[in-house]
Amino acid sequence: MGRVLMRIALTLALVPVASPDPVLWVSPGVVAREIQDGQVSGTVLEVDLERARVGVLRPPSGVARARVSDMVNGAGAVAGVNGDFFDISERAHPGVPPTFAPDGPEVADGRPVRAAVPDGQRFGPDAPPGTSGTVIGVDRRGVGRVARLALSGTVRTGARTIRLRGLNQFALPVGGVGLYTPAWGPASRARAFCGNDLARNAPCTLDTAAVLVRDGKVAGTADPGGQLPSGTSLLLGREAGAAELRTFRPGQKVRISSALSGSVRFRDALGGLPLLRGGEPLPGLDARFRSPRTAVGLAPDGRRMYVVVLDGRRETGSGETAAGLAAMMLRLGARDAVLLDGGGSSTLAVRMPGKPTATVRNTPSDGHERAVPNGLAIY
């Protein structure tokens, strides 16, 4: 307990606080503080990962996205924050509905949920060079980690082997084949064929193919649309990948393998853009554009997590730049940190002691809580 209080005192000395009673005990290992740093206002959660655990928030089955507070309450968590940037609009592709799927990889309970879309297809800021597939989460021991995850996998039928280049992604690489499982949810998969590796607004290709697989065999050669039943998977291909899939025939045996690999075996993780790496801000962080922001950082030993949500665009504060937020995360004590979705998505929900449900602690800039596809849960 002494270590926790000492850490809180050090942090409060580094971050100006407007509230006369800044430290709010949420649960063992979790404290919340309202911060005021010049014109920047927001909330910080400090999480002791030796006394609390984190996981990934996901919408209920059959729903593409949900409000953070609803996901927190549904999961029985004490707090939660919005997650990755996501496909929120498809104005450049008439007739193609947005999928509301995240940009980056996701791992839940040790199982890969999705891989990263091509860098050119991302929503939100561009990923710094060499950072594609960056995630933040906890490893199998519950230690906080930031690392990159890449998809590896194959589709095998007879003597043919096809490299898998997508897993539950809203966009596939040009010429690639992607795997879709029931974890994709109910959203349309038409967006997988739009844009290209350099420009997300490029036209959709008509050179496409689909193969439905059930019980290890080809069960059809069309996308049935909607939620895939348990035990069923779908292969989608574009250009050269479509040509490969068009050789499949009903009844043909198919073996599919997929994994997200990297330097860390994550138990739970979600995508984000790196702000800090090894105690240094990433080169080229924007220092001009202020916005509501969400970020998550880790202490050097990975045993402490800092969750920050900053308000903006209304009377509640000016928001912050990416460079300014990186500096704030350093002052808090983070060595590594990632930027999550911001703007109207920035949401922190907390269930305070004695309260039956979690409520939103910040002031969302949309004027109401936005539904999002994933988030970080604190238990």
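What follows is a chat between a visitor and a guide about how features of a predicted model get their names.

Guide: Ground rules: residues are numbered from 1 along each chain as its sequence is written, and side-chain values use heavy atoms, with hydrogens and water left out. As this is a predicted model, local features need pLDDT of at least 70 and side-chain atom pairs pLDDT 80 or more, while totals for chains, interfaces and linings use all residues.

Visitor: What makes cysteine 194 and cysteine 204 a disulfide?

Guide: The cut-off is a pair of cysteine sulfur atoms within 2.5 Å. Here the sulfur atoms are 1.9 Å apart, so the pair qualifies. A search of the whole structure finds one disulfide.

Visitor: Why is the disulfide called right-handed?

Guide: Because the torsion about the S-S bond of cysteine 194 and cysteine 204 is about 90 degrees. Both cysteines lie in the loop between β14 (177-180) and β15, so the disulfide ties together parts that are ten residues apart in sequence.

Visitor: How do you know that β15 and β16 pair?

Guide: Strands are DSSP runs of E, at least two residues, and helices are runs of H or I, at least four, numbered from the N terminus. Two strands pair if DSSP finds at least two bridges between them. β15 (residues 208-214) and β16 (residues 217-220) have three bridges, in the antiparallel sense, so they pass. Valine 213 has valine 218 in β16 as its bridge partner. The two strands form a hairpin with two residues between them, and aspartate 215 in the turn has a positive phi of about 55 degrees.

Visitor: What makes β4 and β26 edge strands?

Guide: They belong to an open, antiparallel sheet of five strands, ordered β4-β28-β6-β25-β26. β4 (54-57) and β26 (359-360) each pair on one side only. Inside that order, four bridges join β6 (residues 79-82) to β28 (residues 375-378), with glycine 80 opposite alanine 377.

Visitor: Which space counts as a cavity of 30 Å³ or more?

Guide: A cavity is a set of points on a 1 Å grid over the protein atoms alone where a 1.4 Å probe fits but cannot get out; lining residues have an atom within 4 Å of a point. Points are joined across faces, edges and corners, and the volume is the space filled by probe spheres set on them. One cavity makes the 30 Å³ count, and the largest cavity holds about 90 Å³. Its lining has 16 residues, with Gly104, Arg122, Ser132, Gly133 and Thr134 nearest the centre.

Key
1 Å grid on protein atoms, 1.4 Å probe; cavity = no way out; pocket = protein on both sides within 12 Å on 5 of 7 lines; lining within 4 Å.
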